[in-house]
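Here are some notes to read alongside the structure. Take them one point at a time, and keep the 3D view open as you go.

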Amino acid sequence: MRRPEPVQIVKQRRDAALQRLVAGVPYIQFLGIEIERRGDELTGVLPYDEKLIGNPMLPALHGGVTAAFLEVTAIMELTWSMTWEDMEKGKITDDAPRVVLPKTIDFTVDYLRTGLPRDAYARARVNRSGRRYASVHVEAWQDNRTRLFAQATGHFLMPERDV
Amino acid sequence: MADEQPKDRTKIARQFIEAIPHAKVLGMKLTQLGDARAEITMPYDARLVGDPETGVIHGGAVSALMDTCSGAAVMVHPEAPVATATLDLRIDYMRAAQPGDMITTRAECYHIARSVAFVRATAYDNDFERPVATATGAFTVERAPA
């Protein structure tokens, strides 16, 4: 029987693949979004910044920022799950061609509470991922995991892949 | 009253929208405002790219533009809500915006009820014949105390 891989090797491979995915998207850096990983579970983190404000009177996060944060997290989760097997087989390396991202077909955001001027978190779940289309649900919260401030569902067109 | 000093209300709405920090960092410009309609432009910016392979702007930035423009249309509805917030917003992406093109969004608040306003919006790049995206949204209506 083959011995399991050393933990450092596994972590290094997964973190490097995730880092490559996230660093390639300028808009993620622009909003300051970070993607944290526990095993295959991803959490989007949006650290608070004054430039994310949409209503200076309240103040509250911009609804568009909330939508963007949800969409970024959904796309990252979908791409991550789509490339997981290849990544585990060591096929995603620095000299491999860039991963082609899914394209958003539609995205519906449900605003449940005002986004407060503090950090926000989001996690997405791929409800269906076929050869051509995928449906992803994503939830965002701030202080309490059970008190969502926004949720969204999006449909995505999957990139063409070799089978 | 609803028909009182519409010019002043448009001016107040304009000041409010132009003071939004996130609209400023995206370079949004209010090009038309009044009578339940708004038009806002956003210049192409390499920092907003969602797919480095193609240079296409991320859908999230288009969402921010659609949301701002829709909210602006609600604020200048003749029934004069004093404030508004997004309840839900659905965006359909028809095609990728041409890299390098400015994005223009036009929104119309086509119905307003006691507590909810309904909005449609369309986004274009330089080709105004073929929309890049459309949106429909429901917004809260905060009215001034009677």
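1. Let us start where the two chains meet. This is a predicted model, and in it 30 residues of chain B are in contact with 30 residues of chain A. On the chain B side, helix 2 (21-25), strand 3 (49-51), helix 3 and strand 5 (86-93) each supply at least two of the residues that touch chain A. Sorted by type, the residues on that side of chain B are 15 nonpolar, 8 polar and 7 charged.

2. Next, look for a pair of strands that crosses between the chains. Strand 5 (residues 103-111) of chain A is joined to strand 5 of chain B by 5 bridges, and the two strands run antiparallel. To find the spot on your screen, pick A:F107: its bridge partner in strand 5 of chain B is B:I91.

3. How sure is the predictor? For the complex, it gives an ipTM of 0.91 and a pTM of 0.94. For chain B, the mean pLDDT is 92, and 95% of the residues reach 70 or more.

4. Now step back and trace chain B as a whole. You should be able to count 3 helices and 8 strands, and from the N terminus on they run α-α-β-β-β-β-α-β-β-β-β. The radius of gyration of chain B is 15 Å, close to the 15 Å that the globule rule gives for 146 residues, so chain B is as compact as a globular protein of that length. Along the principal axes, the C-alpha atoms of chain B fill a box of roughly 55 × 25 × 25 Å. Buried residues make up 40% of the 146 residues. Of the contacts in chain B between residues at least 6 apart in sequence, 66% join residues at least 24 apart.

5. Do the same tour for chain A. Chain A has 3 helices and 8 strands, in the order α-α-β-β-β-β-α-β-β-β-β from the N terminus on. Chain A has 163 residues and a radius of gyration of 17 Å, which agrees with the value near 15 Å for a compact globule. The C-alpha trace of chain A spans about 60 × 35 × 30 Å along its principal axes. Buried residues account for 36% of the 163 residues. Among contacts in chain A with a separation of 6 or more, 61% are between residues 24 or more positions apart.

6. Helix 3 of chain B deserves a closer look. Helix 3 covers residues 59-75, which is 17 residues, and it reaches 24 Å from its first C-alpha to its last, close to the 24 Å expected at 1.5 Å a residue. Is this helix buried or exposed? In helix 3 of chain B, 17 of the 17 residues are buried, so the helix is largely enclosed by the rest of the structure. Helix 3 also appears among the elements of chain B that supply at least two residues to the side touching chain A.

7. Two single residues are good practice for reading surroundings. A:D86 lies in helix 3 (residues 63-88) of chain A. A:D86 has 14 C-beta neighbours inside 10 Å, so it counts as partly exposed. Not counting residues up to four places away in sequence, A:D86 touches A:K91 and A:I92. In the other chain, B:R106 sits in strand 6 (residues 103-112) of chain B. B:R106 is partly exposed too, because 19 other C-beta atoms lie within 10 Å, and a residue needs 20 or more to be buried. Leaving aside neighbours within four places in sequence, B:R106 is in contact with B:E39, B:A121 and B:T122.

8. Finally, check some backbone details. Most residues other than glycine have a negative phi, and most peptide bonds are trans. Which peptide bond is cis? The bond joining A:L58 and A:P59 is cis, with omega about -15°, and A:P59 lies in the loop between strand 3 (53-55) and strand 4 (60-61) of chain A. For positive phi values, turn to the loop between strand 1 (29-34) and strand 2 (37-42) of chain B, where B:D35 lies. Phi of B:D35 is near 55°. B:A36 is found in the loop between strand 1 and strand 2 as well, and its phi is near 65°. B:D35 is partly exposed, with 14 C-beta neighbours inside 10 Å, and B:A36 is partly exposed, with 19 other C-beta atoms within 10 Å.

Terms used:
Residues numbered from 1 in each chain as written. Chains lettered and ligands numbered in written order. Predicted model: local features only at pLDDT ≥ 70, side-chain atom pairs only at ≥ 80, totals over all residues. Helix = DSSP H or I, 4+ residues; strand = E, 2+ residues; numbered from the N terminus. Rg over C-alpha atoms; globule rule 2.2 N^0.38 Å. Buried ≥ 20, exposed ≤ 12 C-beta atoms within 10 Å, placed from the backbone. Contact = placed C-beta atoms within 7 Å. pLDDT = per-residue confidence, 0-100. Expected span 1.5 Å × (residues − 1). Nonpolar A, V, L, I, M, F, W, Y, C, P; charged D, E, K, R; others polar. Pairing = 2+ DSSP bridges.
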